[in-house]
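Welcome! Have a look at the protein below, then work through the exercises with their solutions, one step at a time.

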Amino acid sequence: MVGPGTGVAPFRNYIFEMCDKNSSPENLILFYGCRYKDKDFLCKSEFEKLSKEQKLSLICAFSRDGNEKV
């Protein structure tokens with residue numbers, strides 16, 4: 001799944017449904033991108049919790065957190 005910022009809401013529901021069915025992180029991968037981790041990362045705590053529980057593979061990219069815009 002590729003969730004570009006605000007477009008991540010439909011994936012959130014799908015992720016929770018699949019977690020209820022005991023999906024593995026190899027089968028449930030979310031690429032999430034937004035500008036700022038602290039300002040724009042929607043559902044951050046939920047996704048990070050699922051990642052720590054090894055139910056979701058979470059790959060993030062934040063374009064404005066560094067010294068240069070990426």
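**Exercise 1. Find the side chain that makes a polar contact with the side chain of Glu46.**

Step 1. The side chain of Glu46 makes a polar contact with that of Arg12, at 2.8 Å. A polar contact is a pair of N or O atoms within 3.5 Å; within protein, one must be able to donate a hydrogen and the other to accept it, and residues adjacent in sequence count only if both atoms are side-chain atoms.

Step 2. Not counting residues up to four places away in sequence, Glu46 touches Arg12 and Phe16, where contact means heavy atoms within 4.5 Å. Glu46 and Phe16 are 30 residues apart in sequence, and their C-alpha atoms lie 9.6 Å apart.

Step 3. Glu46 sits in helix α3. Its relative accessibility is 24%, so Glu46 counts as partly exposed (buried is under 20% relative accessible area, exposed over 50%, partly exposed in between, with a 1.4 Å probe and protein chains only).

A word on the source: this is a predicted model, where local features need pLDDT of at least 70 and side-chain atom pairs count only at pLDDT 80 or more, while totals for chains, interfaces and linings use all residues. Residues are numbered from 1 along each chain as its sequence is written, and side-chain values use heavy atoms, with hydrogens and water left out.

**Exercise 2. Trace the order of the elements from the N terminus.**

Step 1. Count the elements: there are three helices and three strands. Helices (H or I, at least four residues) and strands (E, at least two) are DSSP runs, numbered from the N terminus.

Step 2. Put them in order, and you get β-α-β-α-α-β.

Step 3. Check the confidence, using pLDDT (the predictor's confidence in each residue, from 0 to 100). Strand β1 (residues 2-4) has the lowest mean among the elements, 68, and helix α3 (residues 44-52) the highest, 94. The protein as a whole averages 85.

**Exercise 3. Describe the largest nonpolar core.**

Step 1. This core has twelve residues, including Val8, Ile15, Phe41 and Leu58. A nonpolar core is a set of buried Ala, Val, Leu, Ile, Met, Phe, Trp, Tyr and Cys residues joined through side-chain atoms within 4.5 Å.

Step 2. Two or more residues come from each of α1 (9-20), β2 (29-34) and α3. Strand β2 gives the largest share, three residues.

Step 3. Look around Phe41: leaving aside neighbours within four places in sequence, its contacts include Tyr32, Cys34, Phe47 and Leu58.
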